[in-house]
Amino acid sequence: MRRKASLILLALAVFFAALSPLLRWYAFPRLAKVPPSQYQETVLEAKNATLLDYKQFKSVTVPKVTIVQTLKGNVEESRKIEKTAGKDVVVWDSLTYVLDDKGQFVSKNPERYVFDAHSQAPVHATGEMVDGDPVKREGIEFKWPFLTEKRDYEYFDAQSRTSAPIHYKGTVPFHGLKVYYFEQTIPWTRVPFPKAMPLGVTPEVAKQTGLTRWYSTKRMFWVDPVTGGPVNGEEIHQEELRNATALFGQDKITAFSGHVKMREDYVDHTVALIKKNRTLILLLTSYLPWGFLGLGTALLALSLWLEARSRRPGTPAPTTRTEPEPVRA
């Protein structure tokens, strides 16, 4: 019986030891993915910001500028693109809506971001755009890959429609998590006017006056390395209108300047969501693989122990009965 039990335990040990790397290196890359129907809303604020007042034709300081950003998964478009892409694809329709301290419209910036559900790498498809302009993204946007690494990534900047490195700056504590801090600086760059602006101003009207729009920002993200989801984001954002002498009496005028931060209640909500999702990722990458490996090792040790006991010295060897030889006359 001991010999049979040790063989069964040995078979189970081999099974769990083989299952450990399969979960980490085979199941995880296929099972971990961003759901196509995700919806997320984030509110950011810039307090004591500078904003261009189009009625007074001058820059003024306002108590607060509010930025509402929504990400909505477009399941129907995801399915269409998957048919030709041959992979799991997520389509996010994003809208960034800017309001002044009185709740009046300042600008908006719609985007469509198409990416691989597993790796978060961009997938180029019809409909990929920023503010109605077709784009071909390189690098990530909004979300880092699962199991984010301590390295620089290419990050897409929606204002300039270009990608630039976002630099890993270190690991820091944040609301009970150890997160990676990333930073990107976009130098002063000429960028397009938004399609929608206050008082019905259009990009065509702005161009006729000779105005040009310039932008610079310092972008900061605190990213959970397990899920790749940002738990916090900030920008020191600046915009100028140049060649503005005809309208504003000076060559440069500030259109917007402020330190944009996530509102605290949205930070708390995001952290709670990240903590919930990271447990599922850790099950596939750490808890179950290491648990199965430990279980396999324990079963192997128990199997060897039972086998050793069955062969212990002093155990009487089985005797065999021999028939007496016949007597020959």
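How much area does the protein chain expose, and what share of it do carbon and sulfur atoms supply? In this predicted model, the exposed area of the protein chain is about 18,500 Å², and carbon and sulfur atoms supply 58% of it. The chain has 329 residues, of which 44% are buried. Aromatic rings are the main topic below, and the structure holds 18 aromatic pairs.

**Overall form**

- The protein chain contains five helices and twelve strands.
- Its radius of gyration is 31 Å, whereas a compact globule of 329 residues would have a value near 20 Å.
- Taken along the principal axes, the C-alpha atoms of the protein chain fill a box of roughly 140 × 40 × 30 Å.
- Among contacts in the protein chain with a separation of 6 or more, 61% are between residues 24 or more positions apart.

**Aromatic pairs between strands**

- A pair of aromatic rings is described by two quantities, the distance of the centres and the angle of the planes.
- Among the 18 aromatic pairs is that of Y153 and F182, which is edge-to-face, with 6.0 Å centre to centre and 70 degrees between the planes.
- This pair links distant parts of the chain, since Y153 belongs to strand β7 (residues 153-157) and F182 to strand β9 (residues 177-191), 29 residues apart.
- Y153 and F182 are both buried.
- The pair of Y155 and F221 is tilted, because the ring centres are 5.6 Å apart and the planes stand at 45 degrees.
- Y155 is in strand β7 and F221 is in strand β10 (residues 212-223), so this pair ties together parts that are 66 residues apart in sequence.
- Y155 has a relative accessible area of 5% and is therefore buried, as the cut-off is under 20%.
- F221 also counts as buried, at 14% relative accessibility.

**Aromatic cluster**

- One aromatic cluster is formed by W144, Y153, Y155, Y168, Y180, F182 and F221.
- The cluster thus includes Y153 and F182, which form the edge-to-face pair, and also Y155 and F221, which form the tilted pair.

**Charges over rings**

- K143 lies over the face of F146, at a distance of 4.1 Å from the ring centre.
- R242 lies over the face of W188, at 5.2 Å from the ring centre.

Technical notes
Residues numbered from 1 in each chain as written. Predicted model: local features only at pLDDT ≥ 70, side-chain atom pairs only at ≥ 80, totals over all residues. Heavy atoms only, no water. Phe/Tyr/Trp six-rings, centres within 6.5 Å; stacked < 30°, edge-to-face > 60°. Helix = DSSP H or I, 4+ residues; strand = E, 2+ residues; numbered from the N terminus. Buried < 20%, exposed > 50% of the residue type's maximum accessible area, 1.4 Å probe, protein only. Lys NZ or Arg CZ within 6 Å of the ring centre and 35° of its normal. Rg over C-alpha atoms; globule rule 2.2 N^0.38 Å. Contact = heavy atoms within 4.5 Å. Areas by Shrake-Rupley, 256 points an atom, 1.4 Å probe, with all protein chains shown as cover.
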